[in-house]
Amino acid sequence: MKLRLRQNWFKITVLGLLCLLVVFCRKCFIESGEKCVDRAPIQHFPKPDPMVRGKQDVAEFEHKLCLLVPFRDRFQELLEFAPHMKSFLDAQKVEFEIWVINQHDDYRFNRAYLLNVGFKESSKSCDYIGLHDVDLLPVNPRLEYKYTEDSVYHLSAPGLHPKYDYETFLGGVLLIPRKIFKHVDGMSTKYWGWGLEDDEFFVRLRQANIRVERPERIGSGKSNTFKDIHDSRKRKRDQTKCYNQRNLTRRRDRDTGLSTVDYVIAAQRVLQIDGAEVHYLDVDLICDTNLTPWCNCTGAPRDTEPLDK
């Protein structure tokens, strides 16, 4: 009898000790497991502060560029332009979008009118725009597609453009803050056919006291800053002048601009060209034939009036 009591007491004691051990180990693992198990220390890294960015991130996101490309019947050039510009701007860490504004109507080509439409239709997240010919490709990596706060930046400057080098030339590639383009009411829409719209825009900028900046000391010139892919043998420029077009387009235009554009978007697409995304707009421009009858010179009298002095 006594032996059986001793055995029962022993079992109860052992069971109690096991229960205490389980409770102790459970508490140890939950509250302070490091005291029970020899573990490697855990490394704690500070969480990144979303308000603090490196220089590269600032360069990528501080400004955004919309390239506006006036366009008609230039698909071969566009196939080369889009991937080239993506590669060039990616290398400079420039955030950008490409907008091609295709003149879908039957009127004569109007580059400035299309650029005004591009300004209105392109992403408002872009705080500066690039007025960019589709046949002019930058090849010197020192050409910076940069934002300028209170001036415009003429990349294809005289001495760098493959063809044109007169002092007031402003064509080819021009970067301009959105706020400045709006301030000068965009570009004149009187220029149907080829040429002179950039010269009028130069006068608008000068009268608004907007400074024109140009690249300096980039180590290249007319032959090796840009690649000109325009084939003048296949695509003749429309230099016809009819009615009194010559004299009326040699003056500062105070009648038309960004605020007077009238157009219809016939179609809108997003294209992928060798990895480059392109926003493609088919646009029908509206011509005021009382103001600019030379939007269609078919059957019209040629302009033979002497030039104003």
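The chain contains seven helices and ten strands. The structure described here is a predicted model. Mean pLDDT over the chain is 83, with 77% of residues at 70 or more. Two segments have pLDDT under 50 throughout. The first comprises residues 1–5, for which the model shows zero contacts beyond four places in sequence. In the second, residues 27–59, pLDDT likewise stays under 50, and eleven contacts beyond four places in sequence are present in the model.

Of the 309 residues in the chain, 44% are buried. Among contacts in the chain with a separation of 6 or more, 80% join residues that are 24 or more positions apart.

The interior includes a largest nonpolar core of 38 residues, within which L68, L131, F181 and F201 have the most contacts. Strands and helices both contribute to this core: at least two residues each are supplied by the strands β1, β2 (95–103), β3 (128–132), β6 (173–177) and β10 (276–285), and by the helices α4 (111–121), α5 (178–183) and α6. Helix α4 provides the largest share of this core, with six residues. A second core of 34 residues lies apart from the largest one and includes F88, L89, I98 and L155.

The surroundings of F181 illustrate the packing in the largest core. When neighbours within four places in sequence are set aside, F181 is in contact with N116, F119, I129, L131, I176, G186, M187, F201 and L258. Two of these partners, L131 and F201, are themselves listed with F181 among the residues having the most contacts inside the core. By position, N116 and F119 fall in α4, I129 and L131 in β3, and I176 in β6.

The largest pocket has a volume of about 830 Å³. Its lining consists of 30 residues, and those nearest the centre of the pocket are R74, F109, R111, W194 and R237. By residue class, the lining of this pocket comprises 15 charged, ten nonpolar and five polar residues. At least two lining residues come from each of β1 (64–71) and α6 (197–207). Helix α6 accounts for the largest share of the lining, namely three residues. Both β1 and α6 thus appear in two settings, as each supplies at least two residues to the lining of the largest pocket and at least two to the largest nonpolar core.

Methods: Residues are numbered from 1 along each chain as its sequence is written. This is a predicted model: local features need pLDDT of at least 70, side-chain atom pairs count only at pLDDT 80 or more; totals for chains, interfaces and linings use all residues. Side-chain values use heavy atoms; hydrogens and water are left out. On a 1 Å grid over the protein atoms alone, a cavity is a set of points where a 1.4 Å probe fits but cannot get out, and a pocket is an open set with protein on both sides within 12 Å along at least five of seven lines; lining residues have an atom within 4 Å of a point. Grid points are joined across faces, edges and corners, and a volume is the space filled by probe spheres set on the points. Helices (H or I, at least four residues) and strands (E, at least two) are DSSP runs, numbered from the N terminus. Ala, Val, Leu, Ile, Met, Phe, Trp, Tyr, Cys and Pro count as nonpolar, Asp, Glu, Lys and Arg as charged, and the others, Gly among them, as polar. A nonpolar core is a set of buried Ala, Val, Leu, Ile, Met, Phe, Trp, Tyr and Cys residues joined through side-chain atoms within 4.5 Å. Buried means under 20% relative accessible area, exposed over 50%, partly exposed in between (1.4 Å probe, protein chains only). Contact means heavy atoms within 4.5 Å. pLDDT is the predictor's confidence in each residue, from 0 to 100.
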